[in-house]
Amino acid sequence: MGILDKIAEIEREISRTQKNKATEYHLGLLKAKLAKYRAQLMEPSKSSGAKGEGFDVMKSGDARVALIGFPSVGKSTFLSLMTSTESEAASYEFTTLTCIPGVIEYKGANIQLLDLPGIIEGAAQGKGRGRQVIAVARTADVVIMMLDATKGDVQRELLEKELESVGIRLNCPKPNIYFKPKKGGGLSYNSTVPLTHCSEKLVQLILHEYKIFNAEVLFREDSTPDEFIDVIVGNRVYMPCLYVYNKVDQISIEEVDRLAHRANSVVISCGMKLNLDYLLEQLWEYLALICLYTKKRGERPDFGDPIIMRRGASVEHVCHRIHRTLASQFKYALVWGTSTKYSPQRVGLTHIMEHEDVIQIVKK
């Protein structure tokens, strides 16, 4: 029996089993086995076949965004509209067969946008170059999931399932669980909150499935067995995802309103160029980027060439971005903007910068 058959059998068993107190250990074990088989499936095969064409694109710019979706939902049209890159778009499926990069210039930042080939059901098992597409998506900062508004919620559910099965977790925080395998001493199990989904016996069973018998486990939140398995496996990617419904000009206004009010969703029409500016604003928020401007003593700030940083960046991060030796020669900085109580404020290396602040660094 192949790995795919085993996975299908476990999925059938999970769907057949009633969820109650008596079956939670059985379900926990099945989920652990499922995660283990899926991890084996994602490993490259040992047999050395002919090397295929490279798929990944060199990372450039300040952030990376991956466009994922079924064939013919408007990914290539979106790339051509947003960037100066032309991606071939036609009315038949699988027009794009490889990864096509483009650059969005927005608020002084260069955002790399990757137009990936369409995903089909079963992509996680490698159908239709699905594995390469998903591997590139794992390296992105944000995923834009392009959906056809005329197809309802079917596409969204299928894509979420495909990404979930290869360890990409969308719009959810990392589970707050401390886990450390040890050389000996058995299982040390603790929790700082009352647990409703996991128990010591279930945790022990899941760890035994992974042949781990000595470990330290501390639950800092009420997590599910699935989240605990994610922590054990350790190769999960947690990333923000923006659900973009294209072709809204072909559906009723009530349906547009319903889709627009869903969490993390934006409605657009590439054909009629509707709502694209709002999508860019949302993308900027999801990427959590900020623009900072530098200033020399006695001169006006340089608004032409901003420094792009992540939200929460300190003055020390800015110094490293300008030059790696600057932090060691740093005396103090003067900052103008919303992060200060008054302008200019004299600050140290730990001061957290905000969007559109102006900074002047004084060296020793």
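## Tyr 293 and its ring partner

Let's start with Tyr 293: its relative accessibility is 12%, and since buried means under 20%, this residue counts as buried. Bear in mind that this is a predicted model.

The structure holds 5 aromatic pairs. In one of them, the ring centres of Tyr 293 and Phe 303 are 4.9 Å apart and the planes sit at 75°, so you are looking at an edge-to-face pair. Tyr 293 belongs to strand E12 (residues 289–294). Phe 303, 10 residues apart from Tyr 293, is in the loop between E12 and strand E13 (307–310), and the pair links distant parts of the chain.

## The Phe 219 and Phe 228 neighbourhood

Another of the pairs is made by Phe 219 and Phe 228. Here the ring centres are 5.5 Å apart with the planes at 35°, so this pair counts as tilted. Are these two residues buried or exposed? Both Phe 219 and Phe 228 are buried.

They have company, too: Phe 179 and Tyr 189 join Phe 219 and Phe 228 in one aromatic cluster.

## Arginines over tyrosine rings

If you like charge-over-ring arrangements, there are a couple to look up. Arg 156 lies over the face of Tyr 243, at 3.6 Å from the ring centre.

Then there's Arg 346, whose charged end sits over the ring of Tyr 332. The distance to the centre of the Tyr 332 ring is 3.8 Å.

## Asn 246, tucked into a strand

Asn 246 is worth a click as well. You'll find Asn 246 in strand E10, which covers residues 241–246. Its relative accessibility is just 3%, so Asn 246 counts as buried.

What does Asn 246 touch, leaving aside residues up to four places away in sequence? One group of contacts is the run Met 146, Leu 147, Asp 148 and Ala 149. Val 73 and Gly 74 touch Asn 246 too, as do Ile 268, Ser 269 and Cys 270.

## The protein as a whole

Zooming out, the protein has 10 helices and 16 strands. It runs to 364 residues, and 44% of them count as buried. The accessible surface comes to about 19300 Å², with 51% of that belonging to carbon and sulfur atoms.

How do the contacts spread along the sequence? Take the contacts between residues at least 6 apart in sequence: 64% of these join residues at least 24 apart.

Methods. Residues are numbered from 1 along each chain as its sequence is written. This is a predicted model: local features need pLDDT of at least 70, side-chain atom pairs count only at pLDDT 80 or more; totals for chains, interfaces and linings use all residues. Side-chain values use heavy atoms; hydrogens and water are left out. Helices (H or I, at least four residues) and strands (E, at least two) are DSSP runs, numbered from the N terminus. Buried means under 20% relative accessible area, exposed over 50%, partly exposed in between (1.4 Å probe, protein chains only). Contact means heavy atoms within 4.5 Å. Accessible areas come from the Shrake-Rupley method with a 1.4 Å probe; for residues, only the protein chains shown count as cover. Rings of Phe, Tyr and Trp (its six-membered ring) pair if their centres lie within 6.5 Å; planes under 30 degrees apart count as stacked, over 60 as edge-to-face and the rest as tilted. A charge sits over a ring if NZ of Lys or CZ of Arg is within 6 Å of the ring centre and within 35 degrees of the ring normal.
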